[in-house]
Amino acid sequence: MVDALAALSGTSTATPLGEVEQNTHECDWYSFGAATEWFEGVARDIGLVSVAPKARRIAVLAATDTD
């Protein structure tokens, strides 16, 4: 989980946890859904966007599980 937050906040996965935490707090975070067959908005579907300070970088995570 920490590696994912590091990547989404633009921090190296080798960065100390405290710095990763600070970077995540500096970002704006948004969740989203999608009107597609694969994204059903149930249990493990994830739509997450991180926008870095001053909107100089965005990162998107879109994932789903399968039955």
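## A tour of the sheet, its edges and a helix-linking loop

Begin by selecting Leu61, which lies in strand E3. The model on screen is a predicted one. Leu61 counts as partly exposed because its relative accessibility is 32%, a value between the 20% limit for buried and the 50% limit for exposed. Next, add Glu19 to the selection and display the C-alpha atoms of the two residues. Leu61 and Glu19 are separated by 42 residues in sequence, and their C-alpha atoms lie 21 Å apart in space.

**The sheet**

Now select strands E1 (28–31) and E2 (46–51), together with E3 (58–63). These 3 strands make up an open sheet, ordered E1-E2-E3, with antiparallel pairing. E1 and E3 stand at the edges and have a single partner strand each, so one side of each lacks a neighbour in the sheet. From one strand to the next, the twist averages 15°. While the strands are in view, the side chains merit attention: in a regular strand they alternate between the two faces of the sheet.

**Strand pairs**

Take the pair E1 and E2 next; 4 bridges join these strands in the antiparallel sense. To locate one position in this pairing, select Trp29, whose bridge partner in E2 is Ser50.

Move then to E2 and E3, which pair in the antiparallel sense over 6 bridges. Here, select Gly47 and its bridge partner in E3, Ala62. The connection between E2 and E3 is also worth displaying: the two strands form a hairpin with 6 residues between them. Within the turn, select Lys54, which has a positive phi of about 65°.

**A nonpolar surface patch**

Select Phe32 in the loop between E1 and E2. Phe32 has a relative accessibility of 31% and therefore counts as partly exposed. Add Ile58 and Val60 to the selection and switch to a surface representation. Phe32, Ile58 and Val60 together form a nonpolar patch on the surface, with about 280 Å² of accessible area in total.

**The loop between two helices**

For the last stop, leave the sheet and select helix H1 (2–8) and helix H2 (17–26), then the loop between them, where Thr15 is found. Is Thr15 buried or exposed? Thr15 is buried, because its relative accessible area is 15%, and the cut-off for buried is under 20%. Finally, display Ser12 as well: the side chain of Thr15 reaches the backbone oxygen of Ser12 at 2.9 Å.

Technical notes: Residues are numbered from 1 along each chain as its sequence is written. This is a predicted model: local features need pLDDT of at least 70, side-chain atom pairs count only at pLDDT 80 or more; totals for chains, interfaces and linings use all residues. Side-chain values use heavy atoms; hydrogens and water are left out. Patches are made of residues with over 30% relative accessible area and no salt bridge: like charges are joined within 9 Å, nonpolar side chains (Val, Leu, Ile, Met, Phe, Trp, Tyr) within 5 Å. Accessible areas come from the Shrake-Rupley method with a 1.4 Å probe; for residues, only the protein chains shown count as cover. A salt bridge is a side-chain nitrogen of Lys or Arg within 4 Å of a carboxyl oxygen of Asp or Glu. Buried means under 20% relative accessible area, exposed over 50%, partly exposed in between (1.4 Å probe, protein chains only). Two strands pair if DSSP finds at least two bridges between them. Axes are lines fitted to C-alpha atoms, for helices over the stretch in contact, and angles run from 0 to 180 degrees between N-to-C directions. A polar contact is a pair of N or O atoms within 3.5 Å; within protein, one must be able to donate a hydrogen and the other to accept it, and residues adjacent in sequence count only if both atoms are side-chain atoms.
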